[in-house]
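User: Please take a close look at one part of this model, the place where two of its chains meet. I would like to know how the copies are arranged and which charged side chains pair there.

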Protein chains: 4
Amino acid sequence: MTSKIWGGRFSAGPTAIMEEINSSIDFDQRLAKQDVRGSRAHCTMLVAQGIITKDDGHAIQEGLGRIEKDIATGAFHFKRSLEDVHMNIEAKLADLIGAPAGRLHTARSRNDQVATDFRMWVRAAIDTLDEELEKLQGALIDKAEAHADTIMPGFTHLQAAQPVTFGHHLLAYVEMFGRDRGRFADARVRLNECPLGAGALAGTSFPIDRHMTAEKLGFDHPMANSMDAVSDRDFALEYLAAAAILATHLSRLAEEMVIWSSAQFGFIQFTDAFSTGSSMMPQKRNPDAAELLRGKSGRIFGNLIGLLTVMKGLPLTYSKDMQEDKEAAFAAFDTLELCLAAATGLVADMRPDPVRMRDSATAGFTTATDFADWLVRVLNIPFREAHHVTGQVVKLAESKNCELGALTLADMQSAEPRITADVFNVLTVEASAASRVSYGGTAPANVRKQVIAARARFIKSRQP
Amino acid sequence: MTSKIWGGRFSAGPTAIMEEINSSIDFDQRLAKQDVRGSRAHCTMLVAQGIITKDDGHAIQEGLGRIEKDIATGAFHFKRSLEDVHMNIEAKLADLIGAPAGRLHTARSRNDQVATDFRMWVRAAIDTLDEELEKLQGALIDKAEAHADTIMPGFTHLQAAQPVTFGHHLLAYVEMFGRDRGRFADARVRLNECPLGAGALAGTSFPIDRHMTAEKLGFDHPMANSMDAVSDRDFALEYLAAAAILATHLSRLAEEMVIWSSAQFGFIQFTDAFSTGSSMMPQKRNPDAAELLRGKSGRIFGNLIGLLTVMKGLPLTYSKDMQEDKEAAFAAFDTLELCLAAATGLVADMRPDPVRMRDSATAGFTTATDFADWLVRVLNIPFREAHHVTGQVVKLAESKNCELGALTLADMQSAEPRITADVFNVLTVEASAASRVSYGGTAPANVRKQVIAARARFIKSRQP
Amino acid sequence: MTSKIWGGRFSAGPTAIMEEINSSIDFDQRLAKQDVRGSRAHCTMLVAQGIITKDDGHAIQEGLGRIEKDIATGAFHFKRSLEDVHMNIEAKLADLIGAPAGRLHTARSRNDQVATDFRMWVRAAIDTLDEELEKLQGALIDKAEAHADTIMPGFTHLQAAQPVTFGHHLLAYVEMFGRDRGRFADARVRLNECPLGAGALAGTSFPIDRHMTAEKLGFDHPMANSMDAVSDRDFALEYLAAAAILATHLSRLAEEMVIWSSAQFGFIQFTDAFSTGSSMMPQKRNPDAAELLRGKSGRIFGNLIGLLTVMKGLPLTYSKDMQEDKEAAFAAFDTLELCLAAATGLVADMRPDPVRMRDSATAGFTTATDFADWLVRVLNIPFREAHHVTGQVVKLAESKNCELGALTLADMQSAEPRITADVFNVLTVEASAASRVSYGGTAPANVRKQVIAARARFIKSRQP
Amino acid sequence: MTSKIWGGRFSAGPTAIMEEINSSIDFDQRLAKQDVRGSRAHCTMLVAQGIITKDDGHAIQEGLGRIEKDIATGAFHFKRSLEDVHMNIEAKLADLIGAPAGRLHTARSRNDQVATDFRMWVRAAIDTLDEELEKLQGALIDKAEAHADTIMPGFTHLQAAQPVTFGHHLLAYVEMFGRDRGRFADARVRLNECPLGAGALAGTSFPIDRHMTAEKLGFDHPMANSMDAVSDRDFALEYLAAAAILATHLSRLAEEMVIWSSAQFGFIQFTDAFSTGSSMMPQKRNPDAAELLRGKSGRIFGNLIGLLTVMKGLPLTYSKDMQEDKEAAFAAFDTLELCLAAATGLVADMRPDPVRMRDSATAGFTTATDFADWLVRVLNIPFREAHHVTGQVVKLAESKNCELGALTLADMQSAEPRITADVFNVLTVEASAASRVSYGGTAPANVRKQVIAARARFIKSRQP
């Protein structure tokens with residue numbers, strides 16, 4: 001081939017291409033802290049097992065300590081020519097301490113090393129997301145408490161169906177984010193086994209103690225199969241899957257915020273802190289943050305589907321394709337950390353308009369179910385028949401262009417003669433909401449109880 | 001508009017279109033068993049709480065019992081005009097017992113009903129997949145036991161790296177499928193809370209006992225928020241996510257089977273039971289089943305991404321979009337049940353060729369690591385230096401076109417004078433594999449221990 | 001292995017599993033018509049080239065003719081034991097005409113045969129979707145024409161920004177669906193080359209005439225490379241990609257319909273034909289069809305991602321994984337054909353409420369841009385400064401809780417003394433919309449022109 | 001809320017969060033060149049239409065010229081506080097030229113501005129990818145020409161089926177990449193209409209000339225509907241869909257490279273330029289670049305599914321979610337530009353081993369079809385019967401552990417007495433390949449013709 005084929009961005013030819021496609025240091029430097037921590041544990045174990053001398057071990061620890069500090073302060077300089085985070089740190093160690101550095105890699109390989117680092121990173125990411133989720137739940141619970149009595153329409157098909165309280169609506173999201181935390185917690189348990197000591201893929205003939213390194217690095221135990229240890233990326237997939245489901249919740253909440261803050265709904269407003277104005281139309285408050293929250297779910301789905309696709313075709317054990325795992329995991333974390341903070345801010349920031357909400361709740365015959373239930377409960381009419389009678393009464397109200405509670409008793413008796421004036425007691429939106437006292441129902445009294453229960457279940461920082 | 005716009009498949013116009021798009025009976029009839037079970041529990045509770053009479057309750061139970069039998073025998077006739085499984089069963093009950101049927105729907109709505117049915121279905125699907133996974137693990141463990149000593153090349157980048165045992169390789173999959181079972185089990189715990197009693201979305205004013213129905217249907221407890229109860233489909237998403245990760249494992253195993261059964265590898269053969277021949281080329285055995293196993297992962301990914309997309313945009317509570325949840329869940333189950341059975345069959349069926357495998361393992365200097373480790377262990381050379389010496393020796397062997405073990409001691413000493421004849425003891429593939437006795441390593445002795453441990457961890461049916 | 005491992009659905013063991021996983025007749029019978037057509041063209045060519053005799057050719061054509069009729073009337077009985085549509089038809093032909101049937105498969109293989117059949121099927125699917133898209137555009141154009149003057153708020157961020165006409169809004173979708181048709185048309189051109197004659201993968205030594213078969217089957221030319229011919233599924237991927245983009249348009253339209261038909265917006269209503277009521281709340285009209293339209297996009301995305309995943313890992317040429325191509329293509333077609341019919345119906349059915357729309361358009365200072373533009377045009381103030389002045393005036397109006405047009409001239413002059421009463425002419429929503437006469441703008445006069453242009457561009461059936 | 005809720009990365013509270021989530025300047029600065037070009041065209045038109053004065057126009061052009069230079073040299077400093085590329089450039093222009101800068105935004109909005117910029121960017125990306133694809137095709141064609149006679153096994157199911165030539169195999173990819181170019185070209189035509197002048201969403205009342213700006217910016221015409229103009233992102237979706245299909249081709253080629261370069265296949269080797277060695281195992285050549293090529297398809301699929309998900313739920317017109325469009329498009333381009341360069345390098349670099357390939361092609365009775373075809377052609381036996389006779393002969397050869405050509409004539413006549421010695425002429429892999437002279441078949445003579453044809457169709461730079 002002539003050199004003509006190299007043009008454009010890669011006119012330098014194969015070397016430039018290979019460095020660009022092969023090097024991972026641009027992103028895997030995010031594993032630097034974990035890499036040092038893993039090396040320190042490995043070194044301690046090598047000494048304890050008599051595989052390297054105490055003196056060598058001491059020199060290594062000392063050198064790694066200095067590297068650790070440089071990493072923490074941002075003083076460590078990563079070189080692209082050294083390809084990845086492991087080689088960068090190893091080379092630096094050799095610079096610092098000379099010969100003993102060459103003993104650190106005994107009974108270890110980059111394959112088990114990167115698997116260990118990456119697991120620790122994902123574990124830390126999960127811990128951070130858990131904290132952010134707790135904050136978001138806290139903001140939702142606080143808002144729910146403040147609005148335990150605020151009536152709004154409960155929707156199905158975006159059509160008002162029954163009155164609910166705004167507090168109750170918000171607590172639904174507390175449940176969702178609670179399940180998200182459960183999924184991350186389960187993923188954390190499952191990932192928390194240590195690949196270190198699996199070597200390149202087959203284990204090692206050195207008398208290592210994998211239980212010791214596992215323990216030192218906070219893992220529950222070493223992984224049982226060395227080939228699985230270096231080829232498994234389930235932990236990243238499971239974390240991304242949990243992230244994707246969490247993203248659907250954030251997106252649903254955001255969709256509601258966008259709809260609620262439209263002029264037509266007018267249920268909530270955001271302050272300037274969480275909306276974007278226009279110098280020309282100063283009254284305008286675009287819910288940009290909510291829209292981005294909603295839109296960013298697509299990105300997380302993409303991260304998940306991307307890594308599923310990568311892993312799907314790979315024979316054991318390590319293949320270079322697996323290098324694609326990290327950017328997906330990093331991107332999902334950065335996106336979610338930001339989105340959770342934004343969601344927490346949006347929830348705390350939103351200003352409901354109880355009057356608009358209540359007005360909306362009274363329109364649309366939202367207490368028709370209460371009417372039907374009254375027929376069943378008081379007149380002992382079978383539900384399906386009560387359903388039918390209610391339909392007639394609603395039709396009548398519609399023709400009179402009034403709400404159910406504005407009909408006369410005579411109107412109602414035209415559909416069912418046994419109806420008494422008592423029925424009017426269940427036809428206000430307040431009465432309707434207050435009557436839903438079944439477990440998990442929307443009654444303000446329930447909501448107050450659920451607020452207390454939710455704090456107990458989810459908010460560690462509020463526990464005595 | 002003129003009626004001209006209706007043509008093609010839907011020339012009957014709106015009615016035909018709406019029936020086609022809106023009706024779910026074609027697929028949700030798979031929930032029939034769960035629907036009846038849910039109704040029976042609801043009825044029992046209504047009687048216990050005095051919401052309906054014992055006589056009505058008795059009649060309902062009797063009618064549902066007959067319907068249950070008809071469903072089990074396939075005698076139940078579902079009508080498309082009745083739209084969904086709930087209306088089909090309710091209508092049939094009314095036919096059978098008349099008026100009391102109209103009382104069954106008291107304090108209930110289709111929204112909490114379908115959520116309950118579908119959760120029970122997914123729960124049962126998970127239980128079946130768990131059983132199928134156990135069988136597959138059993139087949140892998142059996143095969144691993146039979147091949148604890150069978151040497152094959154361990155690959156990275158599809159390049160031979162170190163000798164491993166075939167048994168060890170197979171046990172890596174036992175770990176993967178073990179994690180899959182863990183994921184499904186966690187999903188099962190999380191889904192196992194009962195939506196029944198949430199009503200349309202707000203709860204109910206009837207004095208229902210949600211704990212009773214939850215218990216009767218095998219749920220751990222009722223869901224805490226009625227709006228969440230009817231709008232949540234996390235359980236389906238989490239099940240699909242676990243399914244997608246499982247699919248990557250099946251696909252990886254299948255990819256290996258396809259490669260191993262190529263003439264160029266020649267590691268395994270399938271019998272006629274699990275391959276497809278050709279009347280013209282009777283020796284040909286296409287690994288069709290393995291290829292389909294591999295290909296069907298795409299379908300599961302599609303099911304997952306499809307439902308994530310649906311849920312992502314929905315405000316609370318129920319929207320009709322959510323009707324899309326079932327077919328995805330059903331399809332993933334049917335696919336995986338079949339694929340797991342096929343995988344179990346393929347594993348049990350495959351006939352390894354130990355000679356081809358061993359020959360492949362000896363080529364490519366796969367014991368170079370053993371050589372380097374010997375230098376470290378015996379001569380106390382730092383690993384990175386040992387690494388370098390090994391490189392020189394391998395280069396020498398390559399230039400002589402022989403394996404490492406075929407070099408003379410003098411050859412080796414040309415690279416490092418202190419090398420002794422003892423080194424030859426670590427250069428056979430058998431010695432190499434046998435030396436990897438670190439926890440989780442590939443040594444045959446380890447594999448035998450792991451086989452026992454794996455049976456104890458995973459195979460309930462073999463436990464005393 | 002003991003037979004114990006077979007349980008559950010596949011207790012019959014390997015045979016049952018293989019038949020279930022391997023057989024494609026349950027779905028590929030949809031290719032029957034194409035398969036016969038392909039065979040007839042192949043037979044004609046074999047005779048013309050002297051590869052088989054005229055008598056044999058005649059017998060084959062006669063037999064295929066009978067099969068064709070049976071398929072058309074549904075009388076053809078497909079047997080699962082014969083695995084796929086090709087073997088079913090070939091076996092039937094042998095039954096009907098005996099020996100000559102064995103000559104039909106000369107110079108052909110199932111690999112090129114199925115590729116040919118499937119291309120013809122996708123081509124026909126595209127043609128049908130194009131017709132359905134034309135109908136949908138027709139309905140949109142008709143509605144746009146009827147509402148060329150109907151004022152509604154134009155939204156950004158679901159916040160009213162400027163007045164537009166409903167007709168203009170609908171024409172935006174005509175553009176989208178027009179691009180969809182363009183994508184399908186391009187895909188059709190690209191797929192329209194014929195794989196027949198590629199044989200199993202290498203071509204053939206028989207003196208076939210691929211140009212003749214290509215032409216007879218309506219292809220533009222034969223494919224240039226036999227290996228590509230049997231391993232390519234780009235045409236299915238491209239069709240699914242076009243389908244996915246189309247699905248986003250349907251989903252956007254549906255999202256608007258759901259929002260517009262909420263009580264809070266109240267912009268449109270659907271009749272009973274395209275909404276689902278409730279016997280209890282007869283006034284309720286759930287936009288079920290629109291929601292399903294929106295939800296079904298997830299399914300199409302899943303079909304696309306599924307097949308991308310399948311194809312991504314495959315070496316040349318045919319692999320059994322590719323059998324997964326058909327169900328995805330069929331499912332996407334069935335979904336879209338239905339959704340397009342539903343969308344057409346929904347568009348034709350929707351009843352806008354011009355009063356609600358106009359009221360919404362007047363709220364929110366939607367003519368602020370017109371005010372600013374007047375300052376630029378008449379007073380020659382730089383746009384950014386005009387922008388600033390407008391902000392002050394809007395703030396004033398907001399503080400007085402009135403619209404811009406309700407301010408006094410003095411109010412306005414307090415922000416900018418040069419303002420004259422002429423400005424009031426641009427502050428009504430009607431004046432605003434009417435002023436947007438730039439090409440593609442929302443002025444009613446423009447909309448009327450665009451309606452004519454759109455009919456000319458898109459509606460063949462209306463052309464003279 | 002207390003300030004306690006702000007912690008972790010966003011302890012600065014709402015301001016930090018909003019800047020982080022809302023600002024797009026970190027990525028949309030890639031549109032800077034397009035943004036200036038768009039502004040210059042807009043300015044020229046404003047002057048031509050008399051909307052701004054010549055002097056103002058002159059000042060603006062001069063200022064934009066200086067900005068353009070700064071951008072080209074990297075001297076332009078983007079500020080995060082100015083949020084996006086448009087505001088950064090506009091602010092800079094105001095700094096440079098003062099008041100006239102405020103007139104540039106007349107009759108324009110950020111909505112039509114960004115849509116215009118982004119379209120121009122995607123158009124340029126397509127042009128670059130087209131060039132890279134041409135280079136890749138060039139490398140494939142060159143390699144195919146060099147190996148027009150090199151025999152290798154043609155695979156189905158990764159089982160050798162028939163002998164093909166390596167050149168023919170490579171030309172299959174030339175077809176695939178040719179279709180990719182076709183898809184990008186079609187997407188380019190469809191995207192090449194200009195949104196500029198659509199304003200915020202409704203058009204404008206200024207007498208602008210959209211045809212002039214469209215032409216100046218290289219667009220075919222202005223977009224017909226202003227609301228579509230600002231809310232459409234089809235062009236990004238279609239580009240990503242074409243990218244995803246291209247990624248499947250790169251992945252398939254890479255999968256083959258990985259398999260071919262395994263020791264077991266041994267069909268090709270990469271030089272050090274395109275493989276990664278090991279200092280310890282210097283003979284080892286890991287096909288890292290090919291693996292990354294394969295793995296990066298997942299990322300592109302993720303980009304596509306991400307944007308489909310974003311767009312799917314959005315009402316008209318602009319929503320902030322759409323800001324997610326750019327990073328997906330940028331990432332896909334960067335990935336593909338790199339992957340195409342790597343693929344070109346890999347193709348040019350790979351060193352086939354014709355002996356290994358031919359040996360592989362002769363094993364496995366790959367000329368059985370030739371035998372059957374001989375029976376049909378010479379003895380006039382129906383194909384299906386010939387198929388059967390061939391099966392018997394292959395079985396015989398298998399039992400004798402020899403290839404077909406090594407059987408005696410008597411052996412063959414035991415299956416079919418009419419066979420003559422002439423049959424041996426078709427049983428070598430060379431004869432088999434050479435006989436496939438049907439259009440598109442693998443015969444070396446065909447391959448040579450196809451090489452010439454492919455150059456004529458695809459390689460502009462080689463045209464006279």
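Analyst: What follows treats the contact between chain B and chain A, then some salt bridges elsewhere for context. The model is predicted.

The arrangement of the copies comes first. Chain B superposes on chain A with an RMSD of 0.0 Å after a rotation of 180° and 0.0 Å of shift along the axis. The residue of chain B that comes closest to this rotation axis is B:Ala241, whose C-alpha is at 3.0 Å. Both copies use the same surface, as 99% of the contact residues of chain B recur in chain A.

The contact itself is made by 97 residues of chain B and 96 residues of chain A. Between chain B and chain A, about 8400 Å² of area is buried, and carbon and sulfur atoms give 57% of that area. Polar contacts join 52 residue pairs between the two chains, counting pairs with both residues at pLDDT 80 or more. On the side of chain B that touches chain A, helix 10 (residues 234-260) of chain B gives the most, with 13 residues. By residue class, that side of chain B has 39 nonpolar, 34 polar and 24 charged residues.

Now the charged pairs. Side chains of opposite charge can pair when their charged atoms come close. Between chain B and chain A there are 14 salt bridges. One of them links B:Asp186 to A:Arg190, with 2.8 Å from N to O.

A salt bridge also connects chain D with chain C: D:Arg183 and C:Glu238 have their closest N and O atoms 2.8 Å apart. D:Arg183 is in helix 7 (residues 166-191) of chain D, while C:Glu238 is in helix 10 (residues 234-260) of chain C, so this pair joins two chains. Both D:Arg183 and C:Glu238 are buried. Returning to chains A and B, salt bridges with shared partners form one network of A:Arg119, A:Arg190, A:Asp228, A:Asp232, A:Asp234, A:Glu238, B:Arg179, B:Asp180, B:Arg183 and B:Asp186. The pair B:Asp186 and A:Arg190 described above thus has both its residues in this network.

For context, the structure holds 169 salt bridges over all chains. Among them is the one between A:Glu430 and A:Arg358, at 2.6 Å from N to O. Here A:Glu430 belongs to helix 17 (residues 429-435) and A:Arg358 to helix 13 (residues 354-362) of chain A, so the pair ties together parts 72 residues apart in sequence. A:Glu430 is partly exposed at 36% relative accessibility, and A:Arg358 is partly exposed at 32%.

Another lies within chain C, where C:Arg110 and C:Asp84 have their closest N and O atoms 2.5 Å apart. C:Arg110 is in helix 6 (residues 110-146), and C:Asp84 is in the loop between helix 4 (54-73) and helix 5 (85-97), so the pair ties together parts of chain C that are 26 residues apart in sequence. C:Arg110 counts as partly exposed, with 33% relative accessibility, whereas C:Asp84 counts as buried, with 6%.

One further relation between copies concerns chains D and B. A turn of 180° with a shift of 0.0 Å along the axis lays chain D on chain B with an RMSD of 0.0 Å, and these two copies are thus related as by a two-fold rotation axis. The C-alpha of chain D nearest that axis belongs to D:Gln264, at 2.8 Å. Chains D and B meet through the same surface, because 100% of the interface residues of chain D are also interface residues in chain B.

Conventions: Residues numbered from 1 in each chain as written. Chains lettered and ligands numbered in written order. Predicted model: local features only at pLDDT ≥ 70, side-chain atom pairs only at ≥ 80, totals over all residues. Heavy atoms only, no water. Least-squares fit on C-alpha atoms with pLDDT ≥ 70 in both. Contact = heavy atoms within 4.5 Å. Buried area = accessible area lost by both parts, 1.4 Å probe. Salt bridge = Lys/Arg side-chain N within 4 Å of Asp/Glu carboxyl O. Polar contact = N/O pair within 3.5 Å; in protein donor to acceptor, adjacent residues only side chain to side chain. Helix = DSSP H or I, 4+ residues; strand = E, 2+ residues; numbered from the N terminus. Nonpolar A, V, L, I, M, F, W, Y, C, P; charged D, E, K, R; others polar. Buried < 20%, exposed > 50% of the residue type's maximum accessible area, 1.4 Å probe, protein only.
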